[in-house]
Amino acid sequence: MLANYSIPPKTYFEIASLGYLLVLCLISFRDKNRRGFRSYKIFRLLEINMILALAVSVLTYTFAYPELGTPLSVCTLLRTMDSVMCIMASRIFAVYVMEYVDSEGRQKSVQMVGKVILGIYLTLMILNIPFKFVLWYTPEGLYMHGPFFVPIVFAAPVYYLTSGILMLIFRLKKLGPREKVALTIASIVTLLGIIIQAATNGIVLLSLPFGSIGIFVLYFSIETSDYHQLLKNNERLKLAQQDAIKANRAKSDFLASMSHEIRTPLNAVLGMDELIILEAEKHKNSDPEFAGCIKEYADNIRDAGQVLLSVINDILDLTKIESGKMEIKPAPYSLQKLVNDVGVMVRVRAEQKGLSYIQKVDPAIPEYLVGDELRIRQIMINLLNNAVKYTDSGEVVMEVSMKDLTENRLTLCIRVSDTGIGIREENLPLIFGDFQRLDEDKNHRIEGTGLGLSIVKRMIGIMEGDISVTSEYGVGSAFTASIPQEISSKSPEKTADNGKAGSPAEMIIFQTPDCHYLLVDDNKMNLVVAKRFLDRLGGETDTARSGREALQKMRESKYDLIFMDHMMPELDGIQTYEMSLKDPDNINPETPVIMMTANALSGVREEYLAKGFADYISKPVEMKEFLRVIESHLPVEKIRHLAEC
Ligand code: ADP
């Protein structure tokens, strides 16, 4: 009887697919590492279902012909099973795609419709057995399709696959690049097979073979164990990266708060030291030897204190840069003045070491530029200090030139070269790293933290510039910074400290004998230092150790200026100031209040000004800062310049 049957050519693709899918099953089922994957079960179901669908299809197209002697019931059963297996294959395929694109199961409605369609389909197929309205055989052995056949047998798989593809399109961003490509290719190929088979009215059986190709694509791109291992490792790396970012942030916060804590007592040390210098200068005529000796000690304390302060400032700068809070404040400035100021400072240091300092500025550079003068000064000083530090004989040269000149912009080129110890070639790539100190055995006696160049590089980066270094070991080094700047048409505004420098005694160029100041700080030492500064200006100074005491004093006396510390227990400076404004008994609502704090993080100045404070002084406060604030906030008639006295 079997002699009646022969395998029809239109199933050859299916037989081939069956063969290679069996091989794929062998490979994938043997891979034990795959068992833990989230898509393992559903992919296995997809493989098994596809194999069964292919087998049933081949059997159907070989045996489901009553004219060859197959009983009608067997023919009907084969046809029904063929249809069910095809629908199941597309359904599982769609569920697989959804598992990837919608693992949280958020697209409930799509899944619901899918289930309902499957339910309706299975009910119809069961009802089809007694009522014969989807597919059936006539008693004469003619195979018939009812009106439901096409909507069900083709529409259901098309719905499943298109809903999968649409979801894929909408949620493409959630997927990795490989998943995107694999799922898209597999879905489109499978859909194409169904469409071709429908369009050719089943002359070529391509829906299942194309579906098998889709399964192959999926397996070798996103289902292999090494790919999943890669995903797991990536996930681990991501977590490790997040931990590292968190740890880095914690480090920055720690450094910022530590440097803040160190600045406060340092404020007292440097302030007291300045007072000692002032006292020594006062007594230099009566007892020159003693005053000279005291001044020398105090100068040493000041120098060491300033080194400590600059280290703390470096750390603060670094934490500011790392947390993205480093602000560049462009304003017009005079390049010539900046270079001269820096030059005066560096020349002294260079000459102390017996080095010559040469400074060249291209005269064609426009005099006024717009940029962050403070940061450019910091960059120049850093490079020049290094040049002096790492040079024992010879010269240090700073050349300032320009390039890329346009009508309103140019790039400033600052080249600092020296005839110092130089840098080994292998160390050049490391030089701008954090805490990188090179040639430690040779340089261990030279003070430094290895932060300067790292800050310089990052600061230049924020200003969209660049820095490079060339060096010959034992001969010398040259650092070139290129920083874009705008050209200013107007000269910068004069600030109070323009042209003021030198010792505290020399700085005092005015007195304020008729002024009444209020100093508010919970730290007794800071109060003493600040009060002594103000006492030098004449006038009267009251002090308050807390916000409450300050509020009381503001009710009792009229002040010309109030200096308020920020961090105080109970009521802080901001709360005290805000309460004073609401206090009906306060007789100083108009008095300028100056914030005086060790909180030197960038951006705080604007915060304080926005809160209504008249100005901001960063601790450790210096005499010249007091003078600047007093000069800018007191009415002119209250200031008596010494030349006038
Ligand atoms: P440091 O505080 O140690 O000077 P920097 O970041 O400024 O930190 O410099 C990093 C390292 O680069 C220094 O420790 C030094 O080894 C090297 N270096 C920097 N400038 C020079 C220079 N002009 N000549 C030789 N070596 C230099």
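This note covers one pocket and one sheet in a predicted model.

1. The second largest pocket holds about 580 Å³ of space. Its lining is made up of 30 residues, and those closest to the pocket centre are Tyr-61, Phe-149, Val-153, Phe-154 and Gln-197.

2. Several elements contribute to this lining. At least two residues each come from helix 2 (40–63), helix 3 (72–101), strand 2 (143–145), helix 5 (149–170), helix 6 (177–199) and helix 7 (207–223). The most is given by helix 3, which supplies six residues.

3. Sorted by class, the lining of the second largest pocket comprises 16 nonpolar, 10 polar and four charged residues.

4. Elsewhere in the chain, an open sheet is formed by five strands with parallel pairing, in the order 12-11-13-14-15. The edge positions belong to strand 12 (540–544) and strand 15 (615–618); each has a single partner strand, so one side of each has no neighbour in the sheet. From one strand to the next, the twist averages 20°.

5. Within this sheet, strand 11 (residues 516–520) pairs with strand 13 (residues 561–565) in the parallel sense, over four bridges. One residue pair can be named here: Leu-518 has Ile-562 of strand 13 as its bridge partner. As general background, the strands of a sheet pair through backbone hydrogen bonds, in either a parallel or an antiparallel manner.

6. Which strands does helix 16 lie across? Helix 16 (residues 547–556) lies across strand 11, strand 12 and strand 13, and runs at about 140° to strand 12. Of these, strand 12 is one of the edge strands described above.

Definitions and conventions: Residues numbered from 1 in each chain as written. Predicted model: local features only at pLDDT ≥ 70, side-chain atom pairs only at ≥ 80, totals over all residues. Heavy atoms only, no water. 1 Å grid on protein atoms, 1.4 Å probe; cavity = no way out; pocket = protein on both sides within 12 Å on 5 of 7 lines; lining within 4 Å. Points joined across faces, edges and corners; volume = space filled by probe spheres on them. Nonpolar A, V, L, I, M, F, W, Y, C, P; charged D, E, K, R; others polar. Pairing = 2+ DSSP bridges. Axes fitted to C-alpha atoms, helices over the stretch in contact; angles between N-to-C directions. Contact = heavy atoms within 4.5 Å.
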